[in-house]
Amino acid sequence: MKDVPPLREETLDPADWEPLRALASRIVADAVDYTRDVRERPVWRDMPPDTRARFQTPAPRNGRPLAEVYDDLVTHMLPYPMGNTHPRFWMWYMGAGNFTGALGDFLAAILGSNLGGGDHAAAEIDKQVVGWLKEMLGYPSQASGTLVSGGSMANLIGLTVARNQMAGIDMRELGVGALRTPMRFYGSDQMHSCHQIAVEAMGLGNRALRRVPTDAACRMNVAALRMMVAEDRSAGLGPAC
Ligand SMILES: Cc1ncc(COP(=O)(O)O)c(C=O)c1O
């Protein structure tokens, strides 16, 4: 019988953890300075053409030392942020994040948890935070919830729940093709584009979402909303939410 060669373990671990520890410490120290000194930098600056060109190269075939990749990020990426972490960023509503949150993100990635199930602490934290939100918003204890990536996903899920609940058919089983009455949703004419994206993704189409006019203070005109709902009912459509 021929000798079977010993199995060589494949790993993504570094050959030596110590240089990685040193680099990681440097990255954290740099990140503290970067966050602390945000006010000393411009909100935004244009990328020089040479820098921009670096992001348009073919996919690399070979790996590079991590320290070299990090140096590239320091030189070619960190000086050119969107600007939303700067206190003088007034372009758009956008979260600024903070250093504590960044450390939390790092540790969440270290743990690499899947929150779809299992008996583990991260899943318990997830449930605990949903419970806290229910408590703050006055929801009943039997209400359910889930943490998602942001506003677009939250609205897509919320509108999908409303659609399924108000469809008058078993929507999850039969799908939108079985709807007897076209559904209608209502939002202010100031609402975010994610609502339109949601109704499109839900198979209802943009027309299912009516835009209610607002006044100079951006408040929805409730009389106009009532009229739209009545108009839709008399046209045989199904106001949902
Ligand atoms: C009012 C509003 N709703 C929803 C969204 C979409 O949120 P996200 O980017 O978290 O999906 C935004 C994003 O800018 C927003 O401004």
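Author: In what follows, Ala, Val, Leu, Ile, Met, Phe, Trp, Tyr, Cys and Pro count as nonpolar, Asp, Glu, Lys and Arg as charged, and the rest, Gly included, as polar. The model is predicted, so to speak of local features takes pLDDT of at least 70 and side-chain atom pairs 80 or more, while totals for chains, interfaces and linings use all residues. Numbering starts from 1 along each chain as its sequence is written, and side-chain values use heavy atoms, without hydrogens and water.

Reader: How does the lining of the largest pocket divide by class?
Author: The largest pocket (open grid points, 1 Å apart, that fit a 1.4 Å probe and have protein on both sides within 12 Å along at least five of seven lines; lining means an atom within 4 Å of a point) holds about 830 Å³, as filled by probe spheres on points joined across faces, edges and corners. It has 28 lining residues, with Ile-27, Ala-31, Thr-35, Phe-99 and Ala-102 nearest its centre. Sorted by class, they come to 20 nonpolar, six polar and two charged.

Reader: Which helix gives the most to the lining of the largest pocket?
Author: Helices here are DSSP runs of H or I, at least four residues, and strands are E runs of at least two, numbered from the N terminus. The elements that put two or more residues into this lining are H3 (66-76), H4 (99-111) and H1 (17-36). With nine residues, the top giver is H1.

Reader: What is the volume of the second largest pocket?
Author: Fifteen isn't a bad place to begin: 15 residues line this pocket, and Val-130, Tyr-139, Ser-144, Gly-145 and Thr-146 sit closest to its centre. Helices H5 (121-137) and H6 (151-166) each chip in at least two lining residues. By class the lining is ten nonpolar, four polar and one charged. The volume is about 480 Å³.

Reader: Which residues line the largest cavity?
Author: A cavity is a set of such points where the probe fits but cannot get out, and the count of those of 30 Å³ or more is one. The largest has a volume of about 50 Å³. Its lining splits into four nonpolar, three polar and one charged. The names are Val-38, Arg-41, Pro-42, Val-43, Pro-81, Gly-83, Thr-85 and His-86.

Reader: Which residue has a side-chain N or O atom 2.6 Å from an oxygen atom of the ligand?
Author: Around the ligand (a heavy atom within 4 Å) you'll find Tyr-93, Gly-150, Gly-151, Ser-152, His-192 and Cys-194, a shell of two nonpolar, four polar and no charged residues. Gly-151 brings a backbone N or O atom to 2.8 Å from a ligand oxygen, and His-192 has a polar side-chain atom 3.5 Å from one. At 2.6 Å, the side chain is that of Ser-152.

Reader: Why is one side of E2 and of E3 left without a neighbour in the sheet?
Author: The open sheet has three strands, ordered E2-E1-E3, with parallel pairing (at least two DSSP bridges between two strands). E1 (183-188) is joined to E3 by two bridges, and one partner pair is Met-183 with Gly-238 in E3. E2 (209-212) and E3 (238-239) lack a neighbour on one side because they stand at the edges, each with a single partner strand.

Terms used
Polar contact = N/O pair within 3.5 Å; in protein donor to acceptor, adjacent residues only side chain to side chain.
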